[in-house]
Amino acid sequence: MNLKDLSLEQIIRKIETWEISKEESFDYFLKRIEKYDDKVNAFNFVNTNWLNKEEGILNGAPIAVKDIFCETWINTTCSSNMLKEFKSPYDSTVIKNLKETWMSSLGKVTMDEFAMWSTNESSALKKAINPWWINRIPGGSSWWSAAAVAAWLAPAALGTDTGWSIRQPASMCNVVWFKPSYWRNSRYWVMAMASSLDCPWTLTKTVKDSAILYNVMNGYDEKENTSLPGKDIIDDKIWNTKDLKWYKIWIPKEYFEEWLDEWVRKTIEDSIEKLKELWAEIKEVSLPMTKYAIATYYIIMPAEVSTNMSRYDWLRFGHSSDKWYESTDELFMNNRWEWFWDEVKRRIVLWSYVLSAWFYDAYFKKATQIRTLIIKDFEKAFEEVDAIVSPVSPNVAWKSWEKIDDPVKMYLSDAYTIPASLAWLPWISVPAGFAKSEDSEEELLPVWMQILTPRLEEQRLFEIAHVFEQNTKYWEKIPEGFED
C-alpha cells in the first residue's frame, strides 16, 4: 500500500482496521527516508527501532520530531555543535503525551541552530532543501519538519514556533501548520529560545491531522508554570461543516501594502474570493500597531534568547574548548565563541545591548509597552470579527544563500507572522495555491494563507480552516521526484 497518499488520520484508521500493521507503516516511512533524505537533508538522526507496539489513539503512527524536543536517551542537539553529544535523561511533556497515546518516533529532524534564523542556513549539522525546488530555502527554523512532511518522509512532524519558524516553512513547502494559544502546550524540556514566545506545535498534511495531535498534546502540566489548567478537546461535529455562513472574517489592510509580492497578492486575493463563495462575510479593518511588531520582536526575543543561552557554558550544558584559559570568564568565552554559530552570537550581543543599564528603559521596557498595544489591537479587532486571514510571507521561497549576508532583510520576511506571536494567539496556515517567483516566472511555488482567532478559540480556527481546505484540496499535490 502506498502510504504517502494518505493523511495521518487515514494511516491511523487503516492500522485500527488491520489493513496495515504498525510495522508496515513504520518500515514504509523508514524506507522513504533512506531513499529520499539525501535530496532533502531533513533528519539528523533516524530512530530505526522506535516502533511503539502498544494500543492507543495514534496506534503506533510514525511522527518526526524536531531536534529541540528532549526524548529519553536520544540525541537532542538543537542542530548545534554545543550539544552534539547531549542525550536527554527525560522526555519533554508533549513527547510523553504522544508516547502515552502510542506514537512511534521516526527520528530527529534538523533545524536552524537553537531555532535562530529564517532559512535553515544556520544549522551546524545539515542544510535542508525545499522539496519543491532544490535551489530554494524551505523556510524558518522548523524547515526540517516542513520539508520532511512535504516530501512525505513522515505523515506529520513536531516543531516549535517563536515568531515564524513553523508558519514560514509550512508556507514555502505546502504543508499545514498549526500553533495553539501560548498556554495550551507545555514547554517543559523543550529547549528554550525565547520563553514568552516559544510554543510547540505541528506540521501535517491536513487540518484534521493537526486536530488529532492537538487533542493529544495539549493539557495542564504541573511542571510548566505557563501551562493552562484543563484540557481542550475539539468537537468532531465541526468536520461536518460545509460553509462559512455567519462567520465574519477580517482582512488587515496593513498586510497588503507595497512589500507584498504581486504573485503572492494575487493568490491570496483568489483565496479571499473562495471564502466569499463559502458565504463568509469579509471585512477590511486596520491593525495600526503592525508596523512596530518587527522592532518589538527583535528587542524582546534576543533578550530572552541570551538569558536562555547562558546555561550553555560547559559547567551545565555544552562542550568545553581546548583553548587555554586563566579565569572562569575566559573559559566561558572560549566555549561560547567556539561552539555557537554567528546568529546565536548576534542575538546574545543584541540582548546585552538592550538590557544594559543605559538602554533598558529606551529599548526593552518600551518594547514590552508596544507589545501590550499590539495585543489591544487584536482584542479590538476580535470585537468585530470571528477570524483574521492574511498571507504568511510576503514572498515565495527565495534562493538558498540569497539573503544570508543581509539579516535585516531576512528579518523583514517575518512581518506577517510576528504580531500574532507577540499577542499569544492561535494560528493555522493552509495551502492557498501556487505563485510565480519574482526571479523566475517559470517556477510555481507554494503560497499559504494564515488564519487566526482569539485566544483559546482553537475549535473555531479548525472549523474555518477545514472548510477552506475541503474546497481547495491543495494539500494533495506532491513535489516532483518524490512520487514513488
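**Exercise 1. Describe the surroundings of Leu422, which is found in helix α13.**

Solution. Leu422 belongs to helix α13, where helices (H or I, at least four residues) and strands (E, at least two) are DSSP runs numbered from the N terminus. The model is predicted, so that local features need pLDDT of at least 70 and side-chain atom pairs count only at pLDDT 80 or more, while totals for chains, interfaces and linings use all residues. Residues are numbered from 1 along each chain as its sequence is written, and side-chain values use heavy atoms, with hydrogens and water left out.

The next step is accessibility: Leu422 has 0% relative accessibility and therefore counts as buried, a term that means under 20% relative accessible area, with exposed over 50% and partly exposed in between (1.4 Å probe, protein chains only). Once its neighbours within four places in sequence are left aside, Leu422 is in contact with Leu197, Ala293, Thr296, Tyr297, Ile300, Arg371, Ile374 and Ile375, contact meaning heavy atoms within 4.5 Å. From C-alpha to C-alpha, Leu422 and Gly163 are 7.8 Å apart in space, although 259 residues separate them in sequence.

For the chain as a whole, 63% of the 484 residues count as buried, and residues 24 or more positions apart account for 76% of the contacts with a separation of 6 or more. The chain has 14 helices and 11 strands.

**Exercise 2. Determine how helix α6 (residues 207-217) packs with helix α3 (residues 93-100) and with helix α1 (residues 8-16).**

Solution. Two packed helices are described by the angle between their axes and the distance between the axes. Here the axes are lines fitted to C-alpha atoms, for helices over the stretch in contact, and angles run from 0 to 180 degrees between N-to-C directions.

Helices α3 and α6 pack at an angle of about 105 degrees, with their axes 8 Å apart. They are therefore roughly perpendicular to each other, given that angles under 35 degrees count as roughly parallel, over 145 as roughly antiparallel, 65 to 115 as roughly perpendicular and the rest as oblique. Val94, Asn97 and Leu98 of α3 meet Leu213, Val216 and Met217 of α6. By class, this contact has five nonpolar, one polar and no charged residues, where Ala, Val, Leu, Ile, Met, Phe, Trp, Tyr, Cys and Pro count as nonpolar, Asp, Glu, Lys and Arg as charged, and the others, Gly among them, as polar.

Helices α1 and α6 pack at an angle of about 65 degrees, with axes 8 Å apart, and are therefore roughly perpendicular to each other. The contact is made by Leu8, Glu9 and Ile12 of α1 with Lys208, Asp209, Ile212 and Leu213 of α6, which by class gives four nonpolar, no polar and three charged residues.

Turning to the cover of α3, six of its eight residues are buried, namely Thr93, Val94, Ile95, Asn97, Leu98 and Lys99. These buried residues pack against β2, β4 (156-161) and α6.

**Exercise 3. Classify the ring pair Tyr255 and Tyr416 and the ring pair Tyr297 and Tyr298.**

Solution. Rings of Phe, Tyr and Trp (its six-membered ring) pair if their centres lie within 6.5 Å, and planes under 30 degrees apart count as stacked, over 60 as edge-to-face and the rest as tilted. By this rule the count comes to 16 aromatic pairs.

The rings of Tyr255 and Tyr416 have centres 5.2 Å apart and planes at 15 degrees, so this pair is stacked. Tyr255 lies in the loop between β7 (248-252) and α7 (262-277), and Tyr416, 161 residues apart from it, in the loop between α12 (407-412) and α13. Both tyrosines, Tyr255 and Tyr416, are buried.

For Tyr297 and Tyr298 the ring centres are 4.9 Å apart and the planes stand at 85 degrees, so the pair is edge-to-face. Tyr297, at 0% relative accessibility, counts as buried, and Tyr298 counts as buried at 10%.

**Exercise 4. Identify the sign of phi at Cys78, Trp102 and Trp424.**

Solution. Most residues other than glycine have a negative phi. Phi of Cys78 is near 55 degrees, a positive value; Cys78 lies in the loop between β2 (62-66) and α3, and at 0% relative accessibility counts as buried. Just after α3, Trp102 takes a positive phi of about 75 degrees. Phi of Trp424 is positive, near 65 degrees, and Trp424 lies in the loop between α13 (418-422) and β10 (427-437).
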